[in-house]
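Thanks for making the time this morning. I would like to talk about the open and enclosed spaces in this protein, and then spend a moment on a single arginine.

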Amino acid sequence: MRNVFRKEIKYVVHESQFYAIRSKLAALMRLDPHAKGSLGEYHVRSLYFDSAGDRDLKDNLDGVLEKRKIRIRIYDPNSPTALLEYKCKSGSDSRKMSIGITKEEAILMENRHFECLLNHQEELAIFLYNKITQNIYRPRTIVDYDRVPFLYPVGDTRITFDYNLKGSLSPRGLYDERLPMRAIMPSGFGVLEVKYNEFLVSPLQRIISELDQLPEASSKYTNARLIYY
């Protein structure tokens, strides 16, 4: 099981703002080795679950300090594996725990068959099985986007720009390349995320300050769910 504690700050920015600082980030940081696209990006798709009463969604909408998410994430629909993640956030402090599952298990969970988690030895699998079944968690939406990821070794810093953000009208179809989706942000806008462990080094602080705007509590999951309303 992977267990990561981080500071996480988000900015909703126009693509032009990201491109204005991209070369400065590239001069100090390196691209994630998984980035293969023409802009140095990779693809991300996540299936989100929520309780029968949509507690996680309501906590986001109500601005509750403590938030949580359960999701399955894939980067390549042809990969035989996926990541099952449990993310908790308190203000800018976040903790993400994840385990690897098979594509077959991801499809089982998408179809509400969660018993496959009992085949795993990791504590997280048993914890999530109990949480999902006791609180009647169900698939809710799928979020899809492209990510440009920069890495910096000090503080295990990661700065990413997510664009082409889309949400599904159906909570199923994680591996469907023709899944109908709709934009969840205005045209040209994306989410810049700054993640680090203990501190953000001064040169990167100065670059981020050029955005000249305040962080925003932007949730891709919430934006995707609001398509329904």
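The second largest pocket has 19 residues in its lining, and those nearest its centre are Lys67, Lys89, Glu216, Ala217 and Ser218. I should say at once that what you have in front of you is a predicted model, so please hear everything that follows as computed from that prediction. The elements that each supply two or more residues to this lining are β1, α2 (55–62), β4, β5 and α6 (220–225). Sorted by class, the lining of the second largest pocket has eight charged residues, seven polar and four nonpolar, and the volume of this pocket comes to about 410 Å³.

Let me turn to the largest pocket, which holds about 600 Å³ of space. Its lining is made of 23 residues, with Arg2, Tyr42, Tyr75, Lys96 and Arg158 lying nearest the centre, and the elements that contribute two or more residues are β1 (2–14), β3 (42–50), β5 (81–90), β6 (93–102) and β7 (138–152). By class, the lining of the largest pocket divides into 13 charged, six nonpolar and four polar residues.

Next, the enclosed space. How many cavities of 30 Å³ or more are there? The count comes to one, with a volume of about 110 Å³. This cavity is lined by 14 residues, of which Arg71, Arg73, Lys87, Glu193 and Lys220 are nearest its centre, while β1, β4, β7, β10 (189–196) and α6 are the elements that give two or more residues to the lining. Strand β4 gives the most, with three residues. As for class, eleven of the lining residues are charged and three are nonpolar, with no polar residue in the lining.

Finally, the arginine I promised, which is Arg68, found in strand β4 (residues 66–74). Is Arg68 buried or exposed? Its relative accessibility is 12%, and because the cut-off for buried is under 20%, Arg68 counts as buried. Its side chain makes polar contacts with two aspartate side chains, that of Asp59 at 2.8 Å and that of Asp56 at 3.2 Å. Leaving aside residues up to four places away in sequence, Arg68 touches Arg55, Asp56, Asp59, Tyr86, Lys87, Cys88, Lys131 and Tyr137. One of these, Lys87, is a residue I mentioned a moment ago, among those nearest the centre of the largest cavity.

I will stop there and take questions.

Note on methods
Residues numbered from 1 in each chain as written. Predicted model: local features only at pLDDT ≥ 70, side-chain atom pairs only at ≥ 80, totals over all residues. Heavy atoms only, no water. Helix = DSSP H or I, 4+ residues; strand = E, 2+ residues; numbered from the N terminus. Buried < 20%, exposed > 50% of the residue type's maximum accessible area, 1.4 Å probe, protein only. Polar contact = N/O pair within 3.5 Å; in protein donor to acceptor, adjacent residues only side chain to side chain. Contact = heavy atoms within 4.5 Å. 1 Å grid on protein atoms, 1.4 Å probe; cavity = no way out; pocket = protein on both sides within 12 Å on 5 of 7 lines; lining within 4 Å. Points joined across faces, edges and corners; volume = space filled by probe spheres on them. Nonpolar A, V, L, I, M, F, W, Y, C, P; charged D, E, K, R; others polar.
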